[in-house]
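User: I am new to this structure and would like a short tour. Please take me through it step by step.

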Amino acid sequence: MQRSFAFAAAVLGASSIGSACAADFDVSQKNQAFSVPTLTIKAGDSVTFKNDDKVNHNVYSVSDPKAFDLGSEAPGKTQKVVFDKPGTVEVECAMHDNMHMKIVVTP
Ligand SMILES: [Cu+2]
């Protein structure tokens, strides 16, 4: 067990070490705001972004540890993003300038 894990980690790289005990966190968008201003997670964890609003949102980030763009997301939709590198990820919405949150990814 121990040996096969070490082997897999060596072959697949650092991101697989994180995902071996990865957690998933929920962040929703409601009333044109993110449900939390800041979220601290570990490398390898994922965040499921849910549009709990009556309007579309377009969640994205241009931050170095994890740049992503979920595109225009309709009410009720969810999308999961894996954060495999440590660092601070500033998350925004392309449609609403006031929407902003921070995801701190620890090693
Ligand atoms: Cu929005």
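## Strands, sheets and core

Analyst: Let us start with one strand pair. Strands β4 and β7 pair in the antiparallel sense, over five bridges. Ser 46 stands opposite Val 82 in β7. Keep in mind that the model is predicted.

User: How many helices and strands are in the protein chain?

Analyst: Along the sequence, the pattern of the protein chain is α-α-β-β-β-β-β-β-β-β-β. The helical elements open that pattern and the strands follow. The protein chain holds two helices and nine strands.

User: What is the order of the open sheet of four strands?

Analyst: The pairing in this four-stranded open sheet is mixed. Its edge strands are β2 and β7, each of which pairs on one side only. The order is β2-β1-β4-β7.

User: Which strands stand at the edges of the open sheet formed by five strands?

Analyst: That sheet has mixed pairing and runs in the order β3-β9-β8-β5-β6. Each edge strand has a single partner, so one side of each is left without a neighbour in the sheet. The edge strands are β3 and β6.

User: Strand β5 joins β8; which residue in β8 does Tyr 60 stand opposite?

Analyst: Strand β5 covers residues 59-61. Two bridges join β5 to β8, and the two run antiparallel. In β8, the residue opposite Tyr 60 is Glu 92.

User: How many residues does the largest nonpolar core have?

Analyst: Val 47, Phe 49, Phe 68, Phe 83, Val 91, Met 101 and Ile 103 have the most contacts inside this core. Strands β3, β4, β8 and β9 each supply at least two of its residues. The size of the largest nonpolar core is 19 residues.

User: Which residues does Ile 103 touch, not counting residues up to four places away in sequence?

Analyst: Ile 103 is among the residues with the most contacts inside the largest nonpolar core. Its partners beyond that sequence limit are Leu 39, Ile 41, Val 47, Phe 49, Phe 83, Gly 87, Thr 88, Val 89 and Val 91.

User: What share of the 107 residues counts as buried?

Analyst: Burial here means under 20% relative accessible area. Phe 68 and Phe 83 are two examples of buried residues. Across the protein chain, the buried share is 36%.

User: What kind of aromatic pair do Phe 68 and Phe 83 form?

Analyst: The structure holds two aromatic pairs. In the pair of Phe 68 and Phe 83, the rings are 6.0 Å apart, centre to centre, with 85 degrees between the planes. An angle over 60 degrees counts as edge-to-face, so this pair is edge-to-face.

User: How many residues apart in sequence are the parts that this pair ties together?

Analyst: Phe 68 lies in strand β6, residues 68-69. Phe 83 lies in the loop between β7 and β8. The pair therefore ties together parts whose separation in sequence is 15 residues.

User: Which residues do ring pairs link into a cluster?

Analyst: Two aromatic pairs are present. The ring pairs link Phe 49, Phe 68 and Phe 83.

User: Which side chains meet in a salt bridge?

Analyst: The count comes to one salt bridge. Its N to O distance is 3.7 Å. Both partners are partly exposed: Lys 50 has a relative accessible area of 33%, and Asp 52 has 33%. The salt bridge joins Lys 50 and Asp 52.

User: Asn 51 is found in strand β4; is Asn 51 buried or exposed?

Analyst: The contacts of Asn 51 beyond four places in sequence include Gln 29, His 57 and Lys 77. A polar atom of the Asn 51 side chain lies 2.8 Å from the backbone oxygen of Glu 73. With a relative accessibility of 0%, Asn 51 is buried.

User: Where does Asn 31 lie?

Analyst: Most residues other than glycine have a negative phi. Asn 31 is not a glycine, yet its phi is positive, about 50 degrees. Asn 31 is exposed, at 66% relative accessibility. Its place is the loop between β1 and β2.

User: What is the phi of Gln 32?

Analyst: Gln 32 lies in the loop between β1 and β2. Gln 32 is partly exposed, with a relative accessible area of 31%. Although Gln 32 is not a glycine, its phi is positive, at about 55 degrees.

Key. Residues are numbered from 1 along each chain as its sequence is written. This is a predicted model: local features need pLDDT of at least 70, side-chain atom pairs count only at pLDDT 80 or more; totals for chains, interfaces and linings use all residues. Side-chain values use heavy atoms; hydrogens and water are left out. Rings of Phe, Tyr and Trp (its six-membered ring) pair if their centres lie within 6.5 Å; planes under 30 degrees apart count as stacked, over 60 as edge-to-face and the rest as tilted. Buried means under 20% relative accessible area, exposed over 50%, partly exposed in between (1.4 Å probe, protein chains only). A nonpolar core is a set of buried Ala, Val, Leu, Ile, Met, Phe, Trp, Tyr and Cys residues joined through side-chain atoms within 4.5 Å. Contact means heavy atoms within 4.5 Å. A salt bridge is a side-chain nitrogen of Lys or Arg within 4 Å of a carboxyl oxygen of Asp or Glu. Two strands pair if DSSP finds at least two bridges between them. A polar contact is a pair of N or O atoms within 3.5 Å; within protein, one must be able to donate a hydrogen and the other to accept it, and residues adjacent in sequence count only if both atoms are side-chain atoms.
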